[in-house]
Amino acid sequence: MASFVTEVLASSGKLEKEDLAAKISKLSRKVEETKEEVCDMINKIYNEFLPSMQGAEILMGQAEEVSKEIDVLKSCIETEVQQNLHTAVTEYAKLKQQLERNTTVIAMLRHLEEFHIAMEEFHKALLEKKYVIAAKQLEKARHSADSLKAWKGSDLPLLRALSSELTVQRENLIYHLGDEWKRLAVWKLPPSKEPTEMKSFLKTELLLTLGGTKEPQQSPPPLLSCVLQALTIQGELQHKIKLFSQVLLKYLLKPLITYPSLNVEVSEQQDEGTLISLQFAETPEEHPSPSQVYTKVLMVLKTLHTHLLDVSVGERKVSVILGDLVWQDMSHCIIHECLLYSIPTNSCQLEQYSAVIKETEEFEKSLKEMQYLRGDSTELLKYAQDINCHFASKKCKDVIVVARKLMTSEMHNTVKITQDSKLSVPMLPNPGSGDIKGKQGAKKLEAPRLDNEKQLGARTLCLPVCRISESVQQLMELALHTLSEAVGNSSQCATQLFFTVRNIFQLFYDVVPTYHKENLLKFPHLAAIQHNNCMYIAHHLLTLGHQFSPHLPDPLSEGAATFVDLVPGFRKLGAHCFLAHLNVQRAEMLERLSTARNFSNLDDEDNYSAASKAVRQVIHQLKRLGTVWQDVLPVNIYCKAMGILLNTAISELITKIMMLEVGGGERATGAGVL
C-alpha cells in the first residue's frame with residue numbers, strides 16, 4: 001500500500017490545499033480509530049482483564065507507522081506554511097492544531113505502550129524472583145501512568161484502571177518481599193504479648209536462614225540484598241527495619257540488659273542457618289555489670305551484622321538504619337538498668353570506675369566499626385564520663401531520702417548529751433600538705449604565736465546536758481559523712497554535696513514543725529525534745545563550715561562553705577516551739593483555777609471543795625511537768641520554764657484573793673485554804 005505522504009508529494013512536490021485538508025482528515029480519522037482500538041485493548045487488559053497481546057502488538061505497529069507519516073507531513077506543512085503565510089494563515093493554523101492534537105494522542109499511546117511493556121516485564125521478573133528488576137519496572141509503569149495523568153482530556157476510566165492495577169501490583173510485590181524477609185529472619189516469641197517475667201523471655205529465638213544456600217556463609221545471602229534493595233526502591237525499607245528493630249529491642253536487647261541471669265547463645269543449625277536464643281544462668285547479682293551488658297549486646301549485633309544487615313542500599317548500609325532506630329532506646333536502657341546501678345556509693349570507689357569508662361569506649365568503637373553508630377560522642381559515653389556529677393546526684397538523692405525518713409520518725413527515742421559527748425568527725429587530710437594553698441597554710445602555722453597565757457577550759461562553749469532525739473543525732477552524723485564525701489572531690493561534685501547538706505537542715509526547718517505539729521502542742525515531753533533538737537543543730541552549725549572549709553575546693557574554701565546563717569533560724573524555731581507549748585500549759589492551768597469559784601465563801605462546803613480541787617490539780621500539773629522536763633531540758637531552761645508556770649499560778653491566786661479583799665471577803669477562810 002502506497003503511503004499517504006507519497007501520494008501527497010506526487011509530481012511537483014507542492015501541496016494543494018484541498019488535497020491536504022482531505023489527507024489530514026483521513027489521517028485524523030485513522031488516528032482516532034487507532035486510539036479507540038488501543039484504549040479498547042488496554043481496557044480489556046487492565047479493566048476487563050482480556051488477554052490480547054497479539055492485537056496490541058499489531059496496533060502498536062500501526063501507531064508507529066502513523067506517527068512516522070505525521071512527522072513527515074508536519075515537516076511539509078510547516079515548510080508550506082512559511083512559503084504561503086500571507087495567503088493561508090488561518091487555514092494552515094487549523095490544520096496544524098489538528099495535527100498537534102494527533103501528535104498528543106500518539107504521545108499518549110506511547111505512554112500506554114511503555115506502561116504495558118513495564119507491567120509485562122514486572123510480572124516476568126516477579127515470577128523469576130528478580131525483585132530489583134520487578135521494583136524498577138513497577139516504578140517505570142508508575143512514571144508512565146503519572147505522565148498520562150498530566151495530559152488534559154485523558155480518559156479518566158482508563159486512568160483509574162491503570163492506577164488500580166499499579167496499586168494491586170505494588171502491594172503484591174511488597175507482600176512477596178515481606179514473605180522473603182520473614183523466611184530470612186524467623187522470630188519465635190513468647191506467647192504473651194507483654195512478658196513481665198524473666199523466664200518468659202527464654203522462649204525468644206531468632207533464626208537467620210541461609211537464603212537458599214546449603215552451607216553457612218560469612219556474609220548475608222544474595223537474595224537478602226535483592227529483597228532489601230527492592231524495598232528501598234519502593235520506599236518500604238525504613239518501615240520494615242523499624243518493625244524488626246521494635247521486636248529486637250523488646251524481646252532480645254532489653255531483656256539482656258535488664259536481667260543479669262539471661263545470657264545469649266549463638267549456634268549454627270545444620271541446613272537451616274544461625275540461631276540466636278536466650279539462656280538462663282543463675283547469678284546473685286540484682287543488676288548486670290556494664291562489661292556483661294556490652295558483651296551480650298555486641299554478640300547479638302555482630303551476628304546480625306554478619307548474617308543479615310551488612311548490605312548496602314544506596315549510599316548507606318542497613319546496619320546504619322537499624323542503629324538509628326534502636327540506639328536511643330538501647331542506650332537509655334543501658335543507662336537506667338546498668339550504669340545507674342554501677343555508680344560508686346562512696347568517693348573511694350570513684351577511681352575504680354575508670355574501667356567502666358574504658359569499656360564503654362570500646363563498646364561504642366565496636367558499634368561504629370559495624371556502622372550501627374554514627375558521630376564522635378554519644379549520650380552513653382558522656383554519661384559514663386560524667387561520673388562525678390552522677391555520683392554526686394545519686395548521693396544527694398540518697399541523702400535526702402534518708403534525712404526525710406529520719407525527720408518523720410518518732411521523736412521520743414532520745415539520747416543524753418553530756419559535756420563529754422562528741423560526734424565522730426571523719427579523719428580529714430592535713431590542710432598544710434599537698435597543694436600551694438596547703439603550703440601557705442603551713443607557713444601561717446609557723447608564724448609567731450600570739451596566744452594568751454590564760455586558756456579557756458576544755459568544756460567552754462559546750463552544749464549543756466540535755467536529751468535530744470536519736471534521729472537528730474543520726475541526722476547530724478549523716479551531714480558530717482556527706483561533707484566528708486565532698487573532701488578531695490571535684491569542684492562541681494563538692495559544691496553539690498555541700499548544698500545538699502544545707503538542704504537537709506532547711507528541710508528539717510520546714511518539715512519537722514509541720515509534720516509533728518499536733519504532738520508538739522499536745523505532749524510536753526516532745527516539745528522539750530524539739531527545743532533541744534533545734535539548739536543542738538544550731539550549736540553544731542556554728543562550727544560545721546569551719547571544720548570542712550579548708551579541705552574543700554574553690555569557691556567553698558574561700559568562705560562560701562558556711563552554715564552560720566542558719567543558726568538564728570534554728571534557735572528561734574526551738575524557742576518558738578517550746579514557748580507555744582508553755583502557753584498551752586498556762587492556759588490549762590488558768591482554766592483549772594477558774595473552777596475555784598474565785599475562792600469566795602469557802603465556809604460553804606461546795607465552794608471549799610471546788611477551790612481545793614483546783615489547787616490540787618495545778619500542783620499535780622506542775623509536779624508532772626517537773627518530772628517530764630527535769631531529765632530532758634538543760635537546767636537553766638528547766639528552771640525558767642517551771643518558774644514561769646509557777647509564777648502564773650501564784651499570780652492568779654494572789655489576784656483572786658486581792659479581789660476578795662477589795663470586795664470585803666473573809667480573809668481568814670481564804671488564808672486557811674492556802
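**Exercise 1. Aromatic pairs**

Task: Count the aromatic pairs in the whole structure and classify the pair formed by Phe201 and Tyr259.

Solution. A search of the whole structure gives 12 aromatic pairs. Rings of Phe, Tyr and Trp (its six-membered ring) pair if their centres lie within 6.5 Å; planes under 30 degrees apart are stacked, over 60 edge-to-face, and the rest tilted. Phe201 and Tyr259 have 6.0 Å from centre to centre and 40° between the planes, and the pair is tilted. Next, place the two residues. Phe201 lies in the loop between strand 1 (185-188) and strand 2 (205-209), and Tyr259 in the loop between helix 8 (237-258) and strand 3 (262-269), so the pair ties together parts 58 residues apart in sequence. Helices (H or I, at least four residues) and strands (E, at least two) are DSSP runs, numbered from the N terminus. Last, check accessibility, where buried means under 20% relative accessible area, exposed over 50%, and partly exposed in between (1.4 Å probe, protein chains only). Phe201 is buried at 6%, while Tyr259 is partly exposed at 22%.

The model is predicted: local features need pLDDT of at least 70, side-chain atom pairs count only at pLDDT 80 or more, and totals for chains, interfaces and linings use all residues. Residues are numbered from 1 along each chain as its sequence is written, and side-chain values use heavy atoms, with hydrogens and water left out.

**Exercise 2. A pair between two helices**

Task: Classify the pair of Tyr509 and Phe570, and name the cluster that holds them.

Solution. The centres of Tyr509 and Phe570 are 5.9 Å apart and the planes make 75°, giving an edge-to-face pair. Tyr509 belongs to helix 16 (residues 491-515) and Phe570 to helix 19 (residues 567-593), so the pair ties together parts that are 61 residues apart in sequence. Tyr509 is partly exposed at 32% relative accessibility, whereas Phe570 is buried at 2%. Both are in one aromatic cluster, formed by Phe498, Phe499, Phe505, Phe508, Tyr509, Phe563 and Phe570.

**Exercise 3. Helix 16**

Task: Compare the span of helix 16 with its expected value, locate its kink and list what its buried residues pack against.

Solution. The expected span is 1.5 Å times one less than the number of residues. For the 25 residues of helix 16 this gives 36 Å, and the end C-alpha atoms are 35 Å apart, which agrees. A kink of about 25° is centred on Phe508; the bend at a residue is the angle between axes fitted to the seven residues ending there and the seven starting there. The buried residues of helix 16 include Leu497, Phe498, Phe505 and Phe508. The buried residues of this helix pack against helix 13 (387-407), helix 15, helix 17 (517-522), helix 18 and helix 19.

**Exercise 4. Helix 18 and Ile537**

Task: Repeat the span check for helix 18, then describe the surroundings of Ile537.

Solution. Helix 18 (residues 524-548) has 25 residues and should span 36 Å; its end C-alpha atoms are 37 Å apart, which agrees. Helix 18 bends by about 35° at Leu541. Ile537 is in helix 18 and is buried at 1% relative accessibility. Leaving out residues up to four places away in sequence, Ile537 touches Val472, Met476, Phe505, Phe508 and Phe570, where contact means heavy atoms within 4.5 Å. Ile537 and Val472 are 65 residues apart in sequence, and their C-alpha atoms are 8.1 Å apart.
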